Number of protein chains: 2
Amino acid sequence: MQRRPRLALTMGDINGIGPEVLARTLSWEGLREHCDPVVYGNLEVLRKAQQCCGVEADLKAIDDLDQADDASPAIPVYDAGTPGPVCAPGQLDPAAGDAAIKWVVRAVEDAKAGRIAGLVTGPINKACIYAAGYEWIGHTELVADLCDAPRYRMCLFAGPYRLIHNTGHMSLVDAIRHITPERLAETIGLAHDALTRMGFAPPRIAVAGLNPHAGEGGAFGREEIEVIAPTIEACRSQGIDCDGPHPPDTILAKLRDGRYDALVALYHDQGHIPVKLVAMDEGVNVTLGIPIVRTSVDHGTAFDIAWQGVAREHSFCSAIRMASQLAGGDS
Amino acid sequence: MQRRPRLALTMGDINGIGPEVLARTLSWEGLREHCDPVVYGNLEVLRKAQQCCGVEADLKAIDDLDQADDASPAIPVYDAGTPGPVCAPGQLDPAAGDAAIKWVVRAVEDAKAGRIAGLVTGPINKACIYAAGYEWIGHTELVADLCDAPRYRMCLFAGPYRLIHNTGHMSLVDAIRHITPERLAETIGLAHDALTRMGFAPPRIAVAGLNPHAGEGGAFGREEIEVIAPTIEACRSQGIDCDGPHPPDTILAKLRDGRYDALVALYHDQGHIPVKLVAMDEGVNVTLGIPIVRTSVDHGTAFDIAWQGVAREHSFCSAIRMASQLAGGDS
């Protein structure tokens, strides 16, 4: 019998496309193969989203996580004491931002307490959570902060593109400053550990260079020679199958063609620019370097198309599969 | 009757795939619609490459460019006093690097003198030209140097992806230092002028940001606020249809979808990473900011597959079309 980790699926901002992609996901036939789902969000909103999308799934409200344990086939929906405001499709409502954050906070706490195996987060709107009085740039920073894990890494996974970024939301100048032997070795190690958990044994990891052509032998930039190459060598000596630094503009094709299992990218856009271009719909955000499993859709709230029944669930389903793998599920 | 600019097609390194892609290109039925070609290279090598690829085209040796003017349908092949060494497929031969450079130098001189309308360059091998005693990083720097044009810009064009880079072969740290109002305005102006010559009237130009999410309102990086946005505004006030700064990881999809005609990228890899991933075969390198027309294939000498008859000519044909457009041909 398969191990199915219990995963929290957070609804995100109720006025965006989160409820719709969640509704479609709950009707996805693969759902129960990958997890025992618990929705963190509002039951009535979810039912409306089901109608909007023309999909069905048996739901039940719970007011304590223990109630998710019974043998009922209905999917538990848990508002964690925060029902949220009335739905106002496409509108920026601070109360919706507040509820979205509170569901995530509760899911993180339940994950830290071992009551769930991980969480998969629906989209929130940054302006909306700012308006609600919070200061996190996004889910990644929020979850890392709640876990007291400053050394988190932002990852973007889509099909053969498994990218672990040395840094995330910071200026490019800062990102370059963060390319140190210690931090880069930590990034490579986190990539190795995560890919191993996902079943790659051992994972083959490529490390990108920083400069054009990976510095062309020092002709334009010495970071490859002074920091990146020695760090790769040090990681190899510890048994990690990694190599590089690779020219940043040719390594992605090698990843696509399966010559590596993952790429360590040295700054946010080195990974996000190509992956968002070629794999917009299947992208999954993964946070590594935190003590819990957390994945996310790779799209925003899309207020402009919210509650029209047209949003697609592919990214959410991929995020569930990924969380299940990282949580040690058989899927 | 169409205007067909006379274009120099340089053979590149004779031991790489240059002669083969050139041989195939000379049999391309669209060739004469776009240009009157003059090959700068070795006639015997080209004939061998035709045999290797199983293609035909009538060729004739000339020893002065004036001889290209007669009405003969044969394609003139001009060795410019440098026949080059014996062919040694796949080998790194400094004499081949030397010949490749000399053909380009002569073509640049002929372009500067107005005897040809532009040049389309076949691939050279950097290690090989270093071994021959030259110090240029590549064609772009060579041509800019010969034209005494330090303010050249490296561009990469492939289908809807028309990218003009603010800087090319320099370290990322240096590239960031080069994002100044003066230089960026010049880049935007060069993009506007080139796209106008290519028939976009007026061209719609997007300008990328430097930082993730274009700095997220100053939260991570202030270059967008202090330099990039004001420069865009200044260019707009001069009548250029440009906007931004755009988040670097979403603007490429808008370019693909035709919402812009060109993108100003702020560093080499911001453009090269996505375009090389999605459009490897059709890429054309274009040098702007020089007084002559020069385009190039977007691939190297590929010594590993040279003289096997398998190299493809798509990039060379695209480079000819582009040079013809930039030279004011009707094509």
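**Charged and aromatic contacts in a two-chain model**

In chain B of this predicted model, B:Lys48 is placed over the face of B:Trp307, at a distance of 5.4 Å from the ring centre. A further arrangement of this kind involves B:Lys126, whose charged end sits over the ring of B:Tyr130, 6.0 Å from its centre.

Contacts between aromatic rings were examined next. A pair of aromatic rings is described by the distance of the centres and the angle of the planes. Over all chains, a search of the whole structure returns five aromatic pairs. One of them is formed by A:Tyr134 and A:Trp136, which are stacked with 5.7 Å centre to centre and 15 degrees between the planes; both A:Tyr134 and A:Trp136 are buried. Another aromatic pair joins A:Tyr267 to B:Tyr267 in an edge-to-face arrangement, with 6.2 Å centre to centre and 70 degrees between the planes. This pair crosses between chains, and each partner, A:Tyr267 in chain A and B:Tyr267 in chain B, is located in the loop between strand 10 (262–265) and helix 11 (268–278) of its own chain. Both A:Tyr267 and B:Tyr267 are buried.

The relation between the two chains was also determined. Chain A is superposed on chain B, with an RMSD of 0.0 Å, by a rotation of 180 degrees accompanied by 0.0 Å of shift along its axis, which is the relation of a two-fold axis. The same surface serves both copies, in that 100% of the contact residues of chain A recur in chain B. Among the residues of chain A, A:Pro274 comes closest to the rotation axis, its C-alpha being at 2.4 Å.

Technical notes
Residues numbered from 1 in each chain as written. Chains lettered and ligands numbered in written order. Predicted model: local features only at pLDDT ≥ 70, side-chain atom pairs only at ≥ 80, totals over all residues. Heavy atoms only, no water. Least-squares fit on C-alpha atoms with pLDDT ≥ 70 in both. Contact = heavy atoms within 4.5 Å. Phe/Tyr/Trp six-rings, centres within 6.5 Å; stacked < 30°, edge-to-face > 60°. Buried < 20%, exposed > 50% of the residue type's maximum accessible area, 1.4 Å probe, protein only. Helix = DSSP H or I, 4+ residues; strand = E, 2+ residues; numbered from the N terminus. Lys NZ or Arg CZ within 6 Å of the ring centre and 35° of its normal.
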